[in-house]
Amino acid sequence: MANNVTGFIRIIKAAGYSWQGLRAAWQYEAAFRQEAIAALIAIGVACWLDVDAITRVLLVGSVALVMIVEILNSAIEAVVDRIGQERHPLAGRAKDMGSAAVSLTILLALFVWIGLLWSHFIP
């Protein structure tokens with residue numbers, strides 16, 4: 001299934017596929033919608049706060065990382081569901097590991113936010 005499209009056309013097509021992926025995540029994944037709304041609020045707060053540029057980048061980046069890992073988790077779940085609906089230990093393990101990755105990323109983002117805000121606003 002090789003694609004011989006190269007150059008600028010490939011970039012345009014890749015952007016279209018990325019947009020389709022974002023739309024699918026929004027349409028089919030409740031967790032993605034919830035995290036996206038939380039991310040928009042968090043990014044708004046990060047832009048509103050009186051912090052230096054590096055701190056702002058870390059705050060926004062930690063939130064973006066949660067969204068990236070959630071999309072990857074959703075992709076894993078979609079592939080596992082495509083293979084079959086019967087219960088299999090490896091399918092369950094794959095889904096559980098994806099969920100664990102999202103949870104760890106959320107914890108990381110919380111630690112980043114707490115640590116950075118604590119160091120900036122608590123003397």
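Is threonine 55 buried or exposed? Select threonine 55 to begin; in this predicted model, threonine 55 counts as buried, because its relative accessibility is 3%, and the cut-off for that class is under 20%. The residue is found in helix α3, which covers residues 53-83, and, apart from residues up to four places away in sequence, threonine 55 touches Leu116 and His120.

**The whole chain**

Before following those contacts, show the whole chain as a cartoon. Its secondary structure comes to four helices and zero strands, and from the N terminus on the elements run α-α-α-α. Along the principal axes the C-alpha trace spans about 55 × 45 × 20 Å, and the radius of gyration is 18 Å, where a compact globule of 123 residues would have one near 14 Å. Of the 123 residues, 22% count as buried, and threonine 55 is buried as well, at 3% relative accessibility. If a surface is now drawn, the accessible area of the chain comes to about 9,000 Å², and 70% of this belongs to carbon and sulfur atoms. Among contacts between residues at least 6 apart in sequence, 67% join residues that are at least 24 apart.

**Histidine 120, opposite threonine 55**

Return to threonine 55 and select its contact partner histidine 120, which lies in helix α4. Histidine 120 counts as partly exposed because its relative accessibility is 34%, and that value falls between the 20% and 50% limits of the class. Leaving aside neighbours within four places in sequence, histidine 120 is in contact with Val51, Asp52 and Thr55. A distance drawn from the C-alpha atom of histidine 120 to that of aspartate 50 should read 9.2 Å, although these two residues are 70 apart along the chain.

**Two annotated spans**

Next, colour residues 57-80 and 101-121, which an unreviewed UniProt entry covers with the annotation "transmembrane region". The span of residues 57-80 is 100% helix and 0% strand, and its end C-alpha atoms lie 34 Å apart. Residues 101-121 are likewise 100% helix and 0% strand, with 30 Å between the end C-alpha atoms of that span.

**A nonpolar patch on the surface**

With the surface still displayed, select Leu104, Ile106, Leu107, Leu110, Phe111, Ile114, Trp118, Phe121 and Ile122, which form a nonpolar patch with about 960 Å² of accessible area together. One of these patch residues is Leu110, which is found in helix α4, the helix of residues 89-121. Leucine 110 counts as partly exposed because its relative accessibility is 46%.

**The salt bridge**

Which side chains meet in a salt bridge? A search of the whole structure finds one, and its partners are aspartate 81 and lysine 95, with 2.5 Å from N to O. Aspartate 81 lies in helix α3 and lysine 95 in helix α4, so the pair ties together parts that are 14 residues apart in sequence. Side chains of opposite charge can pair when their charged atoms come close. Both partners can be examined at the surface: aspartate 81 counts as partly exposed at 32% relative accessibility, and lysine 95 is partly exposed with a relative accessible area of 26%.

Keep lysine 95 selected and show its surroundings. Apart from neighbours within four places in sequence, lysine 95 is in contact with Asn73, Glu77, Val80 and Asp81. A second distance can be drawn from its C-alpha atom to that of glycine 21, 74 residues away along the chain, and this one comes to 19 Å.

**Last stops: leucine 72 and alanine 38**

Leucine 72 lies in helix α3 and is exposed, because its relative accessible area is 52% and the class begins over 50%. The C-alpha atoms of leucine 72 and serine 99, which are 27 residues apart along the chain, are separated by 9.9 Å.

Finally, select alanine 38 in helix α2, the helix of residues 30-48. Alanine 38 is partly exposed, with a relative accessible area of 43%. From the C-alpha atom of alanine 38 to that of valine 63 the separation is 8.8 Å, across 25 residues of the chain.

Notes: Residues are numbered from 1 along each chain as its sequence is written. This is a predicted model: local features need pLDDT of at least 70, side-chain atom pairs count only at pLDDT 80 or more; totals for chains, interfaces and linings use all residues. Side-chain values use heavy atoms; hydrogens and water are left out. Patches are made of residues with over 30% relative accessible area and no salt bridge: like charges are joined within 9 Å, nonpolar side chains (Val, Leu, Ile, Met, Phe, Trp, Tyr) within 5 Å. Accessible areas come from the Shrake-Rupley method with a 1.4 Å probe; for residues, only the protein chains shown count as cover. A salt bridge is a side-chain nitrogen of Lys or Arg within 4 Å of a carboxyl oxygen of Asp or Glu. Helices (H or I, at least four residues) and strands (E, at least two) are DSSP runs, numbered from the N terminus. Buried means under 20% relative accessible area, exposed over 50%, partly exposed in between (1.4 Å probe, protein chains only). UniProt positions are given in the numbering used here, feature names are shortened, and annotations may be inferred rather than shown by experiment. Contact means heavy atoms within 4.5 Å. The radius of gyration is taken over C-alpha atoms; the globule rule is 2.2 Å times the number of residues to the power 0.38.
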